[in-house]
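Work through the exercises below with the model open beside the text. Each task is followed by a solution in steps.

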Amino acid sequence: MNWNKVNLRAKEKNLPPSGKRVLWATNEKAPSKTTFFKFMGTLTKDEKNVDTGLKWYKLTSNFWWMEIEDPEV
């Protein structure tokens, strides 16, 4: 599994499908650019925010996302 970087300035923004729960990472408001805050959330239908269920984050190009696979039983 690889991280996908959001690029809001490009035509292809590299976003997950809206409504699908994925793992997000961001370095906004972090003490350094190599420190990341990770959380689960879904992209809103307007593709401008990430909804975690408790808080909304405004989507910027400082976000990365990764799909989550369920374990095999």
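The exercises treat a predicted model and cover strand pairing, backbone angles, contacts, a salt bridge and a pocket.

**Exercise 1. Strand pairing**

Task: Find which strands pair with β2, and state the direction and the number of bridges.

Solution.
Step 1. Take β3 as one partner: β2 and β3 run antiparallel and are joined by six bridges. Within this pair, V22 faces G41 of β3.
Step 2. Take β6, residues 63–66, as another partner: four bridges connect β2 with β6, again in the antiparallel sense. Here A25 is placed opposite W64 of β6.
Step 3. Go on to the pairing of β3 with β4. These strands are antiparallel and share two bridges, and T42 has D51 in β4 as its bridge partner.

**Exercise 2. Positive phi outside glycine**

Task: For N14 and E47, state the phi angle, the location and the degree of exposure.

Solution.
Step 1. Recall the background: most residues other than glycine have a negative phi.
Step 2. Read the angle of N14. Its phi is positive, about 60°, and N14 is not a glycine.
Step 3. Locate N14: the residue belongs to the loop that runs between β1 (4–5) and β2 (21–26).
Step 4. Classify N14. Its relative accessibility is 29%, so N14 is partly exposed; the limits of that class are 20% and 50%.
Step 5. Repeat for E47. Phi is again positive, near 60°, and E47 sits in the loop between β3 (37–43) and β4. The hairpin formed by β3 and β4 has five residues between its strands, with E47 as a positive-phi residue there.
Step 6. Classify E47: a relative accessible area of 38% makes E47 partly exposed.

**Exercise 3. Three strand residues**

Task: Is N49 buried or exposed? Then describe the contacts of N49, R21 and N4, leaving out residues up to four places away in sequence.

Solution.
Step 1. Place N49 in strand β4, residues 49–51.
Step 2. Compare its relative accessible area, 17%, with the cut-off: N49 is buried because buried means under 20%.
Step 3. List its contacts: N49 touches T42, L43 and T44, together with W56, Y57, K58 and L59.
Step 4. Turn to R21, in strand β2. R21 has 44% relative accessibility and is therefore partly exposed. The residues in contact with R21 are M40, G41, T42 and T52.
Step 5. Check a spacing from R21: K38 is 17 residues away along the chain, and the two C-alpha atoms are 13 Å apart.
Step 6. Turn to N4, in strand β1. With a relative accessible area of 24%, N4 is partly exposed. N4 makes contact with N14 and with F63, W64, W65 and M66.
Step 7. Check a spacing from N4: V73 lies 69 residues away in sequence, and the C-alpha to C-alpha distance is 27 Å.

**Exercise 4. The salt bridge**

Task: How many salt bridges are counted, and which residues take part?

Solution.
Step 1. Recall the principle: side chains of opposite charge can pair when their charged atoms come close.
Step 2. Apply the cut-off, a nitrogen to carboxyl oxygen distance within 4 Å. The count is one salt bridge.
Step 3. Name the pair: the side chains of E67 and K20 meet, with an N to O distance of 2.9 Å. This pair connects distant parts of the chain, 47 residues apart, with E67 in the segment after β6 and K20 in the loop between β1 and β2.
Step 4. Classify both ends. E67 is partly exposed at 39% relative accessibility, and K20 is partly exposed at 34%.

**Exercise 5. The largest pocket**

Task: What is the volume of the largest pocket, and which residues line it?

Solution.
Step 1. Recall the approach: rolling a probe the size of a water molecule over the atoms shows where empty space is left.
Step 2. State the volume: the largest pocket has about 170 Å³.
Step 3. Name the lining residues: T26, E28, K29, F37, K55, Y57, K58 and F63.
Step 4. Sort the lining by class. Four residues are charged, three are nonpolar and one is polar.

How values were computed: Residues numbered from 1 in each chain as written. Predicted model: local features only at pLDDT ≥ 70, side-chain atom pairs only at ≥ 80, totals over all residues. Heavy atoms only, no water. 1 Å grid on protein atoms, 1.4 Å probe; cavity = no way out; pocket = protein on both sides within 12 Å on 5 of 7 lines; lining within 4 Å. Points joined across faces, edges and corners; volume = space filled by probe spheres on them. Nonpolar A, V, L, I, M, F, W, Y, C, P; charged D, E, K, R; others polar. Buried < 20%, exposed > 50% of the residue type's maximum accessible area, 1.4 Å probe, protein only. Contact = heavy atoms within 4.5 Å. Pairing = 2+ DSSP bridges.
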